[in-house]
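Here are some short exercises to work through with the sequence and the model side by side. Try each task before you read its solution.

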Amino acid sequence: MKFNVPVNATDIVVLIIIALVFVVGVRVLISFFRDPKKKAAPAAKPVNRLIRSGSRIALSIDGMQCGMCESHIKDAIRQAVPSASKITASHVKGEASFVIPDEIPSGDLETALHGSIDPLGYRLNYVTTK
């Protein structure tokens with residue numbers, strides 16, 4: 001069986017464009033169904049320095065939309081650090097803060113905060129001391 005189909009330069013260009021669109025479409029489709037957790041780089045180990053007693057801890061948190069979210073964050077902080085005092089949260093600023101009365105290693109503090117805030121659907125971006 002022999003096919004005598006004339007092919008010119010325009011046909012070749014059109015076929016190449018169709019092939020490229022197909023390849024890009026398949027890649028987009030695959031990336032749509034890929035698990036986003038697999039893309040994330042492994043979290044860096046927090047530096048385990050000692051935070052002094054009386055330090056104000058400031059948190060940057062994504063996902064707070066209203067006053068009830070602020071209440072959930074305050075409860076999560078109380079759960080993670082029962083001795084925390086002067087707890088504040090602002091959904092407008094996306095921040096929360098509190099004072100710790102005792103010395104605590106920063107790695108332990110971050111682990112506890114992530115463990116109580118992240119499961120609620122909020123994302124703890126970073127922890128700083130003031």
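Four exercises follow, each with a worked solution.

This is a predicted model, in which local features need pLDDT of at least 70 and side-chain atom pairs count only at pLDDT 80 or more, while totals for chains, interfaces and linings use all residues. Residues are numbered from 1 along each chain as its sequence is written, and side-chain values use heavy atoms, with hydrogens and water left out.

**Exercise 1. Explain why the search of the whole structure finds zero disulfides.**

Solution.
- Start with the criterion: a disulfide is a pair of cysteine sulfur atoms within 2.5 Å.
- Next, take Cys66: its closest cysteine sulfur belongs to Cys69 and lies 3.7 Å away, so that is too far for a bond.
- Then check from the other side: for Cys69 the closest cysteine sulfur is the one in Cys66, again at 3.7 Å and too far.
- Finally, look at exposure, where buried means under 20% relative accessible area, exposed over 50%, and partly exposed in between (1.4 Å probe, protein chains only). Cys66 is partly exposed at 32%, whereas Cys69 is buried at 10%.

**Exercise 2. Work out how the four strands are ordered in the open sheet.**

Solution.
- Strands are DSSP runs of E with at least two residues, and helices are runs of H or I with at least four, numbered from the N terminus.
- Two strands pair if DSSP finds at least two bridges between them.
- The order is 3-4-2-6, with antiparallel pairing.
- At the edges sit strand 3 (85–90) and strand 6 (123–129), each pairing on one side only.
- Now zoom in on one pair: strand 2 (residues 56–62) and strand 6 run antiparallel and are joined by six bridges.
- Within this part of the sheet, Ile57 stands opposite Thr129 in strand 6.

**Exercise 3. Find what is notable about the phi of Lys86.**

Solution.
- Locate Lys86 in strand 3.
- Read its phi: the value is positive, about 50 degrees, although Lys86 is not a glycine.
- Add its exposure: Lys86 is exposed, with a relative accessible area of 60%.

**Exercise 4. Which residues form a nonpolar patch on the surface?**

Solution.
- Begin with Phe3, in the segment before helix 1 (9–33). Phe3 is exposed, with 65% relative accessible area.
- Add the other members: Val5, Val7, Ile12, Ile16 and Leu20 join Phe3 in the patch.
- Read off the area: together these residues have about 640 Å² of accessible area, by the Shrake-Rupley method with a 1.4 Å probe, where only the protein chains shown count as cover.
- Recall the patch rules: members have over 30% relative accessible area and no salt bridge, with like charges joined within 9 Å and nonpolar side chains (Val, Leu, Ile, Met, Phe, Trp, Tyr) within 5 Å. A salt bridge is a side-chain nitrogen of Lys or Arg within 4 Å of a carboxyl oxygen of Asp or Glu.
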